[in-house]
Amino acid sequence: DNIKNMRVLDHEVIRSIENPYSPTGGLAILFGSMAPKGAVVKRSAVDPEMLVHKGPARVFDSEEDAFAAIKARKILDGDVLVIRYEGPKGGPGMREMLTPTSALAGMGMDKTVALITDGRFSGASRGASIGHVSPEAAAGGPIALVREGDMISVDIPAKKLDILVDEAELARRKAQWKPYAQPVDSDFLDRYRRVTTSGNKGAVLE
């Protein structure tokens, strides 16, 4: 009732359902062989040229190692930067990947490099930054099986995220996989990661 007699003065600011700012929502949930239980991307912040991307994986088991590689200019246009063991169990606590995303943006590579992680992102992140990959690496999810140079396919309009490696090879890698998590000196965080869930369930205690 408070607004029934109001009128919109600028339809570019307040839009009708028939004239949305974007035909899709700002977020997209991706599924596929790399994220069987889902991953999240802020599609509204992705450059149109990166909505569909295929490139070689550059694999790092911590945010710090990935950032060091970015600073050393070892990440190239077209690469897919994979930062794993940063999820709820692995981090532990699902750390925010603000440093690598900021570095890529500062170097102008947010339009040429995709970043995939089982960690999370700040609301200010931009580029093809795909997080919350579930199951996470520390839980034995497929992101733990990615190897340097594997081709990764990102198709945000189709909501797909895939490792272009055949199932038999992934099964062989899974049989060889050994659990890993970041070292931690906090009893609470150690207890937390033993009973927490992956990002698709909200990283809550089981």
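Let's start with a pair of charged residues: the side chains of Arg95 and Glu63 meet in a salt bridge, with 3.8 Å from N to O. This is a predicted model, so every distance here comes from predicted atom positions. The two partners come from distant parts of the chain, since Arg95 sits in the loop between S4 and H2 while Glu63 belongs to helix H1, and 32 residues separate them. How exposed or buried is each partner? Arg95 counts as partly exposed, at 29% relative accessibility, while Glu63 is buried, with a relative accessible area of 9%.

Arg95 has another partner. Glu86 forms a salt bridge with Arg95 too, and here the closest N and O atoms are 2.8 Å apart. Glu86 is found in the loop between S4 and helix H2, which covers residues 98-106. Its relative accessibility is 0%, so Glu86 counts as buried. You can get a feel for its surroundings from its contacts: leaving out residues up to four places away in sequence, Glu86 touches a list that includes Ser62, Glu63, Glu64, Met94, Arg95, Thr117 and Gln182.

Ser62, one of those contacts, is worth a stop. You'll find Ser62 in the loop between S3 and helix H1, the helix of residues 63-71. Ser62 counts as buried because its relative accessibility is 8%, under the 20% cut-off. A polar atom of its side chain lies 3.1 Å from the backbone nitrogen of Asp65. Further along the sequence, Ser62 touches Ile83, Arg84, Glu86 and Gln182, again not counting residues up to four places away.

Now over to another salt bridge. Side chains of opposite charge can pair when their charged atoms come close. Arg173 and Asp150 do this through their side chains, at 2.6 Å from N to O. Arg173 is in helix H3 and Asp150 is in the loop between strand S6 (129-131) and S7, so this pair ties together parts of the chain that are 23 residues apart in sequence. Both ends are out of the way: Arg173 counts as buried at 8% relative accessibility, and Asp150 counts as buried at 10%. Back with the earlier group, salt bridges that share partners join Glu63, Glu64, Glu86 and Arg95 into one network. In total, the structure holds 15 salt bridges.

Since Arg173 has brought us to H3, let's look at that helix, residues 167-176. Which of its residues are buried? They are Glu169, Leu170 and Arg173. Look down the axis of H3 and these buried residues fall within an arc of 100°, so they line one face of the helix. The general pattern is that an α-helix has 3.6 residues a turn, so residues three or four places apart point the same way. The buried residues of H3 pack against S8, whereas Glu167, Ala168 and Ala175 are exposed on the other side of the helix. At its N-terminal end, H3 is capped by Asp166, with a side-chain oxygen 3.1 Å from the backbone nitrogen of Ala168.

Next come the strands. S1 (residues 28-32) and S2 (residues 35-41) pair in the antiparallel sense over four bridges, and they form a hairpin with two residues between them. Within this pairing, Leu30 stands opposite Ala39 in S2. Which side chains of S1 are buried? Ala28, Leu30 and Gly32 point to one face and are buried, while Ile29 and Phe31 point to the other face and are not.

That leads us to the inside. The largest nonpolar core has 33 residues, and those with the most contacts inside it are Met34, Ile116, Ile130, Ile152, Ile156 and Leu161. At least two residues of this core come from each of S1, S2, S3, S4, S5, S7 and S8, and S2 gives the most, with three. Met34 touches many residues beyond four places away in sequence, among them Val82, Ile116, Val133, Pro142, Ile152 and Leu161. Apart from this core lies another one, of 14 residues, including Ile70, Leu104, Val113 and Phe121.

We'll finish at Tyr192, in helix H4 (residues 187-195). Tyr192 is buried, with a relative accessible area of 16%. Its contacts beyond four places away in sequence are Pro88, Gly93, Ala203 and Leu205. One of these, Ala203, has its backbone oxygen 3.0 Å from a polar atom of the Tyr192 side chain.

Notes: Residues are numbered from 1 along each chain as its sequence is written. This is a predicted model: local features need pLDDT of at least 70, side-chain atom pairs count only at pLDDT 80 or more; totals for chains, interfaces and linings use all residues. Side-chain values use heavy atoms; hydrogens and water are left out. Buried means under 20% relative accessible area, exposed over 50%, partly exposed in between (1.4 Å probe, protein chains only). Two strands pair if DSSP finds at least two bridges between them. A nonpolar core is a set of buried Ala, Val, Leu, Ile, Met, Phe, Trp, Tyr and Cys residues joined through side-chain atoms within 4.5 Å. Contact means heavy atoms within 4.5 Å. A polar contact is a pair of N or O atoms within 3.5 Å; within protein, one must be able to donate a hydrogen and the other to accept it, and residues adjacent in sequence count only if both atoms are side-chain atoms. The arc is that of the directions from the helix axis to the C-beta atoms. A salt bridge is a side-chain nitrogen of Lys or Arg within 4 Å of a carboxyl oxygen of Asp or Glu.
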